[in-house]
Amino acid sequence: MKTNVKKFWKILVPVVGVGVVSCSVVFLSGCLVKTPLVSLGGSTAVLPLINALSPYINFIDVVTSAGGSGVGINSIINGTKEIGMASTKPDILNLGANNNKYQVWDEKKVKTVTIAWDGIVLIYKPSSISINTDLIINEENLAKIYYTFSGKKQFKLGELLNNNDETIITPYARNGGSSVSGTTDAFFKDSHLNYKDTFYWQNLSENVKNSINDAIVNGSYGTNVIQTAESNSQAWNVAKNGPEGSLVYLSAGFVINNIDEIRKYGFKVALYNDKQISPEPVSPLNPEVIAKTYNWYRPLNLIYSMIYIKNIPEIPRMIAWILFNEQAKNIIKNEGYVPLEYENLKSMGWKGDLNDMSFLTNDSSDDGTYDIKLQYSGAK
């Protein structure tokens with residue numbers, strides 16, 4: 001399990017006047033101040049963003065660990081972390097009031113705050129036949145892509161590229177499916193392409209459709225898939241040495257920050273075409289493009305108990321810094337993610353006053369979570 005510890009202690013040396021130190025060396029221990037230590041665990045998509053932000057937060061110490069979105073969500077239910085990280089919307093609220101997890105969620109007054117947006121990117125290794133052919137993700141292709149990642153049937157690259165490439169596709173999917181991996185959950189649920197109405201999908205039997213769904217949701221893949229660990233880096237490290245025809249889905253932030261290496265290993269980035277937004281296919285290699293025309297995205301969330309954080313005011317202060325500070329927004333963009341706009345924040349209960357952060361600590365949502373749409377300056 002990957003863990004990042006930013007720092008633990010800070011030495012406070014107050015100064016009175018010019019060059020007069022109020023604490024001598026003898027009594028230095030009396031000036032040692034323990035900064036609040038907060039542990040975050042979960043999504044491997046949120047983790048690198050928090051690790052990039054935390055060195056610039058000087059009023060709180062941050063310890064992070066991976067494990068996947070499911071781990072992040074359960075860490076709040078189990079009380080093992082102060083903040084859970086998830087790159088998917090928690091589905092606990094769909095379990096019903098009689099479910100134990102739901103009851104704990106409700107009792108702890110759990111809140112989910114989106115801090116940024118991330119795209120889902122499909123990369124593939126073409127053969128020499130298809131080196132100049134782009135894989136374009138549309139509704140018809142997506143149905144085939146999901147079937148491919150179920151591992152229930154072997155596909156050829158030409159079936160996705162609409163050419164005569166006979167190269168066998170080798171898909172790489174995350175262990176445990178979307179029940180464990182937020183990236184897999186977004187890959188399967190957040191494409192915004194209605195593939196179920198396509199001719200291809202409609203002509204599949206109900207048994208095949210259920211088999212595809214079960215494979216991707218629960219990780220019960222067929223034999224035609226290679227399984228990887230949950231994190232983007234682990235999935236990439238396995239897939240990058242794969243044969244021609246290798247296919248893997250990754251976080252846009254990861255792809256943007258590793259594009260040179262990805263291309264070095266012979267991979268191309270698939271284009272995306274939601275014709276309701278853009279008549280032409282678009283690339284996800286720019287956060288602003290993701291916000292405007294690349295419609296395959298997911299929220300990066302922090303999850304916490306509003307009861308617990310009342311004892312640590314630095315937690316809402318940290319989240320407010322991530323949401324409002326210009327330096328934080330620049331870091332988010334530099335890491336390949338999309339920062340939130342003020343309209344997003346208002347949909348989470350913010351009243352528009354920069355000095356009022358109460359929306360992070362009060363029970364302003366009926367269900368303790370939010371379902372907000374991606375917005376960006378100039379976005380359609």
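Q: Where is H192 placed in this structure?
A: Look in the loop between α6 and α7 (199–202), and you'll find H192 there. Keep in mind that this is a predicted model.

Q: What is the value of phi at H192, a residue other than glycine?
A: The general idea first: most residues other than glycine have a negative phi. Here, phi of H192 is near 60 degrees, a positive value. As for its surroundings, H192 is partly exposed, with a relative accessible area of 41%.

Q: Which residue that is not a glycine has a positive phi of about 60 degrees?
A: That's N162. You'll find N162 in the loop between α5 (157–161) and β9 (170–174). N162 counts as exposed because its relative accessibility is 65%, and the cut-off for exposed is over 50%. A glycine can be looked at too: G79, just after α2, takes a positive phi of about 75 degrees.

Q: Staying with α2, how many of the 10 residues of this helix are buried?
A: The way to read this is to go through the helix and see which residues are buried. In helix α2 (residues 69–78), 7 of the 10 are buried, so the helix is largely enclosed by the rest of the structure. The buried ones are S69, G70, G72, I73, S75, I76 and I77.

Q: What do the buried residues of α2 pack against?
A: A mix of strands and helices: β4 (37–42), β6 (83–86), α3 (100–107), β7 (110–124), α6 (182–189) and β14.

Q: β14 came up there. Is R298, which lies in that strand, buried or exposed?
A: R298 is buried, with a relative accessible area of 0%. Its strand, β14, covers residues 297–305. The side chain of R298 has a polar contact of 3.3 Å with the side chain of T183. Leaving out residues up to four places away in sequence, R298 touches A45, S87, A116, W117, D118, I120, G182, T183, A186, D190 and S251.

Q: What does the side chain of N273 reach?
A: The backbone oxygen of S278, at 3.1 Å. N273 sits in the loop between β13 (271–272) and α12 (287–292), and counts as buried at 8% relative accessibility. Setting aside neighbours within four places in sequence, its contacts include I136, I137, N138 and L193.

Q: How many salt bridges does a search of the whole structure find?
A: The search finds 9. One of them joins the side chains of K209 and E206, at 3.3 Å from N to O.

Q: Where do K209 and E206 lie?
A: A general point helps: an α-helix has 3.6 residues a turn, so residues three or four places apart point the same way. Both K209 and E206 lie in helix α8 (residues 206–218), 3 residues apart, or about one turn of the helix. K209 is buried, with a relative accessible area of 11%. You can read K329 and E326 in a similar way: they are 3 residues apart in helix α14 (residues 326–334), separated by about one helical turn. Their salt bridge has its closest N and O atoms 3.9 Å apart.

Q: Which residue forms a salt bridge with E261?
A: K240 does, with the closest N and O atoms 3.2 Å apart. E261 lies in helix α11 (residues 259–264) and K240 in the loop between α9 (232–239) and β11 (246–251), so the pair ties together parts 21 residues apart in sequence. E261 is partly exposed at 28% relative accessible area, while K240 is buried at 13%.

Q: How many aromatic pairs does the count come to?
A: The count is 17 aromatic pairs. One of them is Y146 with F188, an edge-to-face pair at 4.9 Å centre to centre and 80 degrees between the planes. This pair links distant parts of the chain, with Y146 in helix α4 (residues 139–150) and F188 in helix α6, 42 residues apart. The rings of Y146 and Y195 have centres 4.9 Å apart and planes at 70 degrees, so that pair is edge-to-face. Y146 and Y195 are both buried.

Q: Which residues form one aromatic cluster?
A: Y146, F149, F187, F188, Y195, W201, Y249, Y272, Y294 and W296.

Q: What sits over the ring of F59?
A: The charged end of R317, 3.8 Å from the ring's centre. Likewise, K153 lies over the face of F155, at 4.9 Å from the ring centre.

Definitions and conventions: Residues are numbered from 1 along each chain as its sequence is written. Side-chain values use heavy atoms; hydrogens and water are left out. Helices (H or I, at least four residues) and strands (E, at least two) are DSSP runs, numbered from the N terminus. Buried means under 20% relative accessible area, exposed over 50%, partly exposed in between (1.4 Å probe, protein chains only). A polar contact is a pair of N or O atoms within 3.5 Å; within protein, one must be able to donate a hydrogen and the other to accept it, and residues adjacent in sequence count only if both atoms are side-chain atoms. Contact means heavy atoms within 4.5 Å. A salt bridge is a side-chain nitrogen of Lys or Arg within 4 Å of a carboxyl oxygen of Asp or Glu. Rings of Phe, Tyr and Trp (its six-membered ring) pair if their centres lie within 6.5 Å; planes under 30 degrees apart count as stacked, over 60 as edge-to-face and the rest as tilted. A charge sits over a ring if NZ of Lys or CZ of Arg is within 6 Å of the ring centre and within 35 degrees of the ring normal.
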